[in-house]
Amino acid sequence: MRASRYQQLLGLPPEIVSPDYYQLLGVERGFIDHAAIQTALQERAARLDEAGDPAVAEFLKRELDEARATITDPNKREAYDQLLERQRLDELKRLVPAMLVSKTLLASAEKAITAHAAAAGLDARRMANAIGEALRDAGASRGPREEPSEEAVAKASAQMRIALRPIAD
């Protein structure tokens, strides 16, 4: 699987397919320490200065500046956080059908989906509601509730990253 520009140039992990502003800057969601956010921005920008593609680096620097401006402004941050949550819930609802096997969401796939959603900042209750809604919409159900093996979850996570690719583009 090819690494994204975000992964190559900013060092983001592969499970972050479509990074939000917090992930771009490398800070926790809801983080509002202006000095630390500025430091994070400078560290990311320094990585870009070492990149071989000036046009891409300049694009990503503008994206980082927009992220900083949004996160440090309370009104913009509140609106962004609401938009981000709606986007992540919609992404989750589109992802569930792609992970079904014979109209069943296996425990390994659900564990991979919930780990992805938690990393995206969704709370457990909203996540469970979105998964339940997506299952109802697809006429599907959850599989047996046994604890999946790490190997099964890793395989489901890889499948999920492939399923997410079109969503992120």
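**Note on a predicted model: salt bridges, aromatic rings and cores**

1. At a relative accessibility of 28%, Lys93 counts as partly exposed, because this value lies between the 20% limit for buried and the 50% limit for exposed. The model discussed here is predicted. Lys93 forms a salt bridge with Glu133, and the closest N and O atoms of the two are 3.1 Å apart. This pair links distant parts of the chain, since Lys93 belongs to helix 5 and Glu133 to helix 7, 40 residues apart. Glu133 is likewise partly exposed, with a relative accessible area of 32%.

2. A salt bridge also joins the side chains of Glu85 and Arg126, at 2.4 Å from N to O. Here too distant parts of the chain are linked: Glu85 is in helix 5 and Arg126 in helix 7 (residues 124–138), 41 residues apart. Arg126 is partly exposed, at a relative accessible area of 33%.

3. The structure holds six salt bridges. One of them pairs Lys111 with Glu147, whose closest N and O atoms are 2.6 Å apart. Lys111 lies in helix 6, whereas Glu147 lies in the loop between strand 2 (141–142) and helix 8 (150–168), 36 residues away. Lys111 is partly exposed, with a relative accessible area of 36%, while Glu147 is exposed, at 60%. In addition, a network of salt bridges links Glu110, Arg142 and Arg145.

4. Glu110 is also listed among the buried residues of helix 6, together with Ala107, Ser108, Ala109, Ala112, Ile113, His116 and Ala117. For the 13 residues of this helix (residues 107–119), a rise of 1.5 Å a residue gives an expected span of 18 Å, and the end C-alpha atoms are 18 Å apart, which agrees. Helix 6 is followed by Gly121, which has a positive phi, near 95°.

5. Arg88 deserves separate attention. Arg88 is found in helix 5 (residues 74–98) and is buried, with a relative accessible area of 8%. The side chain of Arg88 makes polar contacts with the side chain of Asp20 at 3.4 Å and with that of Gln23 at 3.5 Å. Beyond residues up to four places away in sequence, Arg88 touches Ser18, Pro19, Asp20, Gln23, Ala120 and Leu122.

6. Helix 5 also takes part in the aromatic pairs, of which there are two. The ring centres of Tyr21 and Tyr80 are 4.4 Å apart and the planes are at 10°, so this pair is stacked. Because Tyr21 lies in helix 2 and Tyr80 in helix 5, the pair ties together parts that are 59 residues apart in sequence. Tyr21 counts as buried at 12% relative accessibility, and Tyr80 at 13%. The rings of Tyr22 and Tyr80 have centres 6.4 Å apart and planes at 50°, so they form a tilted pair. Tyr21, Tyr22 and Tyr80 make up one aromatic cluster.

7. The largest nonpolar core has 23 residues, of which Leu10, Leu25, Leu48 and Leu64 touch the most other members. Helix 1 (5–10), helix 2 (21–25), helix 3 (34–49), helix 4 (54–72) and helix 5 each give two or more residues to this core. Its largest share, six residues, comes from helix 4. Leaving aside neighbours within four places in sequence, Leu64 is in contact with Leu10, Leu24, Leu25, Leu41, Arg44, Ala45 and Leu48. Another core, of 22 residues, lies apart from this one and includes Leu92, Met99, Ala112 and Ile131.

Notes
Residues numbered from 1 in each chain as written. Predicted model: local features only at pLDDT ≥ 70, side-chain atom pairs only at ≥ 80, totals over all residues. Heavy atoms only, no water. Helix = DSSP H or I, 4+ residues; strand = E, 2+ residues; numbered from the N terminus. Buried < 20%, exposed > 50% of the residue type's maximum accessible area, 1.4 Å probe, protein only. Polar contact = N/O pair within 3.5 Å; in protein donor to acceptor, adjacent residues only side chain to side chain. Contact = heavy atoms within 4.5 Å. Core = buried A, V, L, I, M, F, W, Y, C linked by side-chain atoms within 4.5 Å. Expected span 1.5 Å × (residues − 1). Phe/Tyr/Trp six-rings, centres within 6.5 Å; stacked < 30°, edge-to-face > 60°. Salt bridge = Lys/Arg side-chain N within 4 Å of Asp/Glu carboxyl O.
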